[in-house]
Amino acid sequence: MEENVPAPKRSEFNKGAWTAEEDRKLAEVIAVHGARRWRTIANIAGLNRCGKSCRLRWMNYLRPNIKRGNITDQEEDLILRLHKLLGNRWSLIAGRLPGRTDNEIKNYWNSHLSKKVNQNEKQSGGSARQGCKTQKRLAENANEEAREENTCAGCEDPNIGFDVDEFFDFSNEDTRNLEWVSRFLQVDEGFN
DNA sequence: AACAACCTCAACCGCATCAGA
DNA sequence: GTCTGATGCGGTTGAGGTTGT
């Protein structure tokens, strides 16, 4: 039934804003077939969209449990701290903020936080460089750790007194998370 | 009221990586 | 080991809304 539907050529795909009808069709098909094989899903749903577009729509808008708007002060603080640690690793940052998407965080950063950070750096005489080295190091670690779980990132550096599992297990304990991030930032500041 | 400038955010694009044949 | 399609990510764009003049 499903894969006999000929896929449109790339140039024939619909672009631009999604309609409520398209959303409904997409959600229906995903409910039955699951959120994978996006090209097939697009075909089954009869959407004149590419698979990528369907995936993005689902991930950023239709997926259940998505929080929309109103980033709280606590979330903002966490974003700032995680960005300092990880750089533009939006998906990693989003993974620590339940219900938030990488796209939303990226947009929020670009429209709100980047300005804030720039202002702060100007005021404080700009210690951006200092953070840079650590940020790169941490981003690299984060990538490796994401792949090879169960290794100890802190083991290499005796100054870093935290557990890597804790690093990636933010669960929902926001307060605790902020605590270790603070701890890490203290280590970071003592790095130079 | 009219227009320009600015802001926000959904969506697209290109590239990298992964997984299966 | 190689090829190919699927998936994921980060950067960028552009439409629509808001604010300022």
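The legends below describe close-up views of a predicted model of a protein chain with two DNA strands.

**View 1. Chain A is built from helices.** In chain A there are 9 helices and 0 strands. Along the sequence, the elements follow the pattern α-α-α-α-α-α-α-α-α. Chain A has 192 residues, and 36% of them are buried. Of the contacts in chain A between residues at least 6 apart in sequence, 59% join residues at least 24 apart.

**View 2. Two spans in chain A carry a UniProt annotation.** An unreviewed UniProt entry lists "domain: HTH myb-type" for residues 10–66 and for residues 67–117. The span 67–117 is 71% helix and 0% strand. Its end C-alpha atoms are 24 Å apart.

**View 3. Residues of the protein surround DNA strand C.** The residues around this strand include Arg36, Arg37, Trp38 and Arg39. Lys52 and Arg55 are also among them, as are Asn88, Arg89, Trp90 and Ser91. Lys106 and Asn110 belong to the surrounding residues too. By type, the residues of this surface divide into 7 charged, 3 polar and 2 nonpolar. Of the atoms of DNA strand C within 4 Å of the protein, 74% are sugar or phosphate atoms, and the rest belong to bases.

**View 4. Polar atoms of the protein lie by phosphate oxygens of DNA strand C.** A polar backbone atom of Arg37 is 2.3 Å from a phosphate oxygen of the strand. For Arg39, a polar side-chain atom lies 3.0 Å from a phosphate oxygen of DNA strand C. Asn88 also has a polar side-chain atom 3.0 Å from a phosphate oxygen of this strand. Helix H2 (38–44), helix H3 (51–62), helix H5 (90–95) and helix H6 (102–123) are the elements that give two or more residues to the surface near DNA strand C.

**View 5. Arg37 sits in a loop and is exposed.** Arg37 is placed in the loop between helix H1 (20–33) and H2. Its relative accessible area is 58%, over the 50% cut-off, so Arg37 counts as exposed. Phi of Arg37 is near 50°, a positive value in a residue other than glycine. The backbone of Arg37 also takes part in the view of DNA strand C, with a polar atom 2.3 Å from a phosphate oxygen.

**View 6. DNA strand B has its own set of neighbouring residues.** There are 18 residues around DNA strand B, of which Lys15, Lys52, Ser53, Arg57 and Arg68 come nearest. These surface residues divide into 8 charged, 7 polar and 3 nonpolar. H3 and H6 each supply at least two residues of the surface. The most comes from H6, with 5 residues. Of the atoms of DNA strand B within 4 Å of the protein, 60% belong to sugar or phosphate and the rest to bases.

**View 7. Lys15, Gly16 and Arg49 lie by phosphate oxygens of DNA strand B.** A polar atom in the side chain of Lys15 is 2.4 Å from a phosphate oxygen of DNA strand B. In Gly16, a backbone N or O atom lies 3.0 Å from a phosphate oxygen of the strand. For Arg49, an N or O atom of the side chain is 3.1 Å from a phosphate oxygen of DNA strand B.

**View 8. Helix H4 has many buried residues, and Gly87 follows it.** The 14 residues of H4 should span 20 Å at 1.5 Å a residue, and the end C-alpha atoms are 20 Å apart, which agrees. Buried residues in H4 are Glu75, Glu76, Leu78, Ile79, Leu82, His83, Leu85 and Leu86. Just after H4, Gly87 has a positive phi of about 75°.

**View 9. Asn65 lies in the loop between H3 and helix H4 (73–86)**. Asn65 has a relative accessible area of 70%, over the 50% cut-off, and is therefore exposed. Although Asn65 is not a glycine, its phi is positive, at about 70°.

**View 10. Thr101 is buried in the loop between H5 and H6**. The relative accessible area of Thr101 is 4%, under the 20% cut-off, so Thr101 counts as buried. A polar atom of the Thr101 side chain lies 3.0 Å from the backbone nitrogen of Glu104. Leaving aside neighbours within four places in sequence, Thr101 is in contact with Met59, Asn60, Arg63, Ile66 and Ala94.

Technical notes. Residues are numbered from 1 along each chain as its sequence is written. Chains are lettered from A and ligands numbered from 1 in the order in which they are written. This is a predicted model: local features need pLDDT of at least 70, side-chain atom pairs count only at pLDDT 80 or more; totals for chains, interfaces and linings use all residues. Side-chain values use heavy atoms; hydrogens and water are left out. UniProt positions are given in the numbering used here, feature names are shortened, and annotations may be inferred rather than shown by experiment. Helices (H or I, at least four residues) and strands (E, at least two) are DSSP runs, numbered from the N terminus. A residue is near a molecule or strand if one of its heavy atoms lies within 4 Å of it. A polar contact is a pair of N or O atoms within 3.5 Å; within protein, one must be able to donate a hydrogen and the other to accept it, and residues adjacent in sequence count only if both atoms are side-chain atoms. Ala, Val, Leu, Ile, Met, Phe, Trp, Tyr, Cys and Pro count as nonpolar, Asp, Glu, Lys and Arg as charged, and the others, Gly among them, as polar. Buried means under 20% relative accessible area, exposed over 50%, partly exposed in between (1.4 Å probe, protein chains only). Contact means heavy atoms within 4.5 Å. The expected span of a helix is 1.5 Å times one less than its number of residues.
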